[in-house]
Amino acid sequence: MKRNKMKYITLAILLLSVSCTSDFDEINTNPSTLTADQLDATMAGPSFANALYKGIGNASWAIPGDDYGTYGLSTMLHSMLFSHYFSAGTPSWATERNGINDGWRSRGWLRFYTLAVPSLRNAYTASEGNAEALAILDIWKVFMFHRFTDSWGAVPYSQAGIGGASVAYDSQEEMYADFFKLLDAANTTLSASAETTVGIFGSYDKVYGGDIEKWRRFGNSLRLRLALRISGVDASTAKTQAEAAVAAGVIQANTGSAYFAVSSNAYNNFVDIARYWGFYMSADLESILKGYNDPRLSIWFAANTNGEFVGQPNGGGTVRDWSTSVLSLTNQTTTFGDPNTKPIEIMMASETYFNLAEGVLNGWSMGGGTAQTYYEDGIRLSLQQWGVTDTDDINAYIAGSTTAVQPTLVSEYAAAGLSTTPPVDVPVSWAGTESAQRKQIAVQKYLGLFPESWETWSDLRRTDANILYPLLQTENSAVGRGVMKRLTYLPNEYSTNTAAVNAAVSTIAGGQDVGSAKVWWDVN
């Protein structure tokens, strides 16, 4: 790895502004002058704040060393397109057609290892001696790295941040084993604590304000998520971990959902990128939301000048024969109007309930509820999260018998020789067969996760749920018109960390570093 860029440094730190510009100026210590002695308890909060913000892939012009383009390149142009939450406004954006762009994905890798990981390590150093703080950092470490490894496969983990000219990659199987150990230990520590908050984090914790119980339940909900992730490759461990997570206590209400509270110096990158870079509602979301008469359609997106909601088929590229002027952008009047006030979704309560529902169908002990009850509660929580509060409206939606409809530009699928039949052929109302029920859970989780696309992309790969139209075009014959399977390693890794990346590639099924190769847990 380049010594001046990719060295996994321990003492470098870029501190996050948490209130006003004067606070930022005060805490923005020159990274090159920090020493281990300076990383005392007073630096735990600022370090954690930056690890939180960078750990969810966001960046700010107010913070040296990065800008919000990182989110655009690494998230909007990858997982957001892979999951068909959005379609690309620019035909040349190859990632919408499962293409590869070295520079775009390199930005995400670089910022993760040179900004997010060092900040996390600094937070560990500054929190030494505080058991509760260290437990919360372990939970956040798992969150940061599970998103990363699920995108690439084997990545540097155990040696990340230690330094050296070469950094070994850890296998996903090894990482997941460690994830479960860390989450189990964190729950034990936080459950035994006599404290209610972690004082050294204080107001710097922009997710839960140092609330120990909320962090504990977040960790257990994350454990349930990861258990489902490996259910295809290691059913026994998955069952054990899922049941332990639920028994310990998971997120139960929207008040426990995890958001990052933004400010003018640490703002919501998605809001700005979706607005200024030219991303439009996908035809898939149009199909599902219109078919279900879903109230979230007008909450998330804006009608065009004709008062219509129109989604764009993904993968259009050179075959586009429509004007983007007819397409729907995000709702920039209310919901996604201000990047300085719209909190960033990290993990929602609704996801936990959909995971509980799937766990029941797997035969796991999920706390006594039925799959239908958990499924319907997940829908209620998601609708309420977005401001739909009328009980009659919510119950009517849950009882809905309609299925997805053909999107406005459905003729483009016919022109490409593809089926025009909407992939989502199940209603909202609980079905009578297990296969239909699993598809219903997949669809509602797909909606419930919006706009957090990294988890959505992983879940689409894990379940192989047939809920998306195929791409109109593909630039990757091995992947085809379906969902991209993984990101490929960087040219810089091959030139500067050769032995380590080659060892990682040798563990990939087929031994090739390609986007069609499945990650460890993707066995369906």
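In this predicted model, helix α16 is the element that gives the most to the lining of the largest pocket, with six residues. The volume of this pocket is about 270 Å³. Its lining comprises 16 residues, and Glu-358, Arg-438, Arg-462, Thr-463 and Asn-524 are those that lie nearest its centre. Two elements, α16 (434-449) and α17, give two or more residues to this lining. By class, the lining of the largest pocket holds four nonpolar, six polar and six charged residues.

Enclosed space is also present: the structure holds six cavities of 30 Å³ or more. The largest of these cavities contains about 300 Å³ of space. Among the 21 residues that line the largest cavity, Gly-57, Ser-74, Gly-108, Phe-112 and Phe-148 are the closest to its centre. Two or more lining residues come from each of the helices α2 (44-55), α3 (69-82), α4 (102-126) and α5 (131-152).

The second largest cavity is lined by 16 residues, and its centre has Tyr-71, Ile-344, Glu-345, Pro-451 and Glu-452 nearest to it. At least two residues of this lining are supplied by each of α3, α5, α9 (269-276), β4 (344-347) and α17 (453-463). Strand β4 provides the largest share of the lining of the second largest cavity, namely three residues.

The volumes of the three spaces are listed below.

| Space | Volume |
|---|---|
| Largest pocket | about 270 Å³ |
| Largest cavity | about 300 Å³ |
| Second largest cavity | about 160 Å³ |

The class make-up of the two cavity linings can be set out in turn. The lining of the largest cavity divides into seven nonpolar, nine polar and five charged residues. The lining of the second largest cavity has eight nonpolar, five polar and three charged residues.

A further feature is a helix pair. Helix α6 (residues 172-192) packs with helix α7 (residues 212-229) at an angle of about 155 degrees, and their axes are 10 Å apart. Because angles over 145 degrees count as roughly antiparallel, α6 is roughly antiparallel to α7. The crossing of the two helices is left-handed. On the α6 side, the contact involves Tyr-176, Phe-179, Phe-180, Leu-183, Asp-184, Asn-187, Leu-190 and Ser-191. Their partners in α7 include Ile-212, Trp-215, Arg-216, Gly-219, Asn-220, Leu-222 and Arg-223, as well as Leu-226, Ala-227 and Arg-229. The residues of this α6 and α7 contact divide into ten nonpolar, four polar and four charged.

Note on methods: Residues are numbered from 1 along each chain as its sequence is written. This is a predicted model: local features need pLDDT of at least 70, side-chain atom pairs count only at pLDDT 80 or more; totals for chains, interfaces and linings use all residues. Side-chain values use heavy atoms; hydrogens and water are left out. Axes are lines fitted to C-alpha atoms, for helices over the stretch in contact, and angles run from 0 to 180 degrees between N-to-C directions. Helices (H or I, at least four residues) and strands (E, at least two) are DSSP runs, numbered from the N terminus. Angles under 35 degrees count as roughly parallel, over 145 as roughly antiparallel, 65 to 115 as roughly perpendicular and the rest as oblique. A crossing is left-handed if the near helix is turned anticlockwise from the far one by less than a right angle, and right-handed if clockwise. Contact means heavy atoms within 4.5 Å. Ala, Val, Leu, Ile, Met, Phe, Trp, Tyr, Cys and Pro count as nonpolar, Asp, Glu, Lys and Arg as charged, and the others, Gly among them, as polar. On a 1 Å grid over the protein atoms alone, a cavity is a set of points where a 1.4 Å probe fits but cannot get out, and a pocket is an open set with protein on both sides within 12 Å along at least five of seven lines; lining residues have an atom within 4 Å of a point. Grid points are joined across faces, edges and corners, and a volume is the space filled by probe spheres set on the points.
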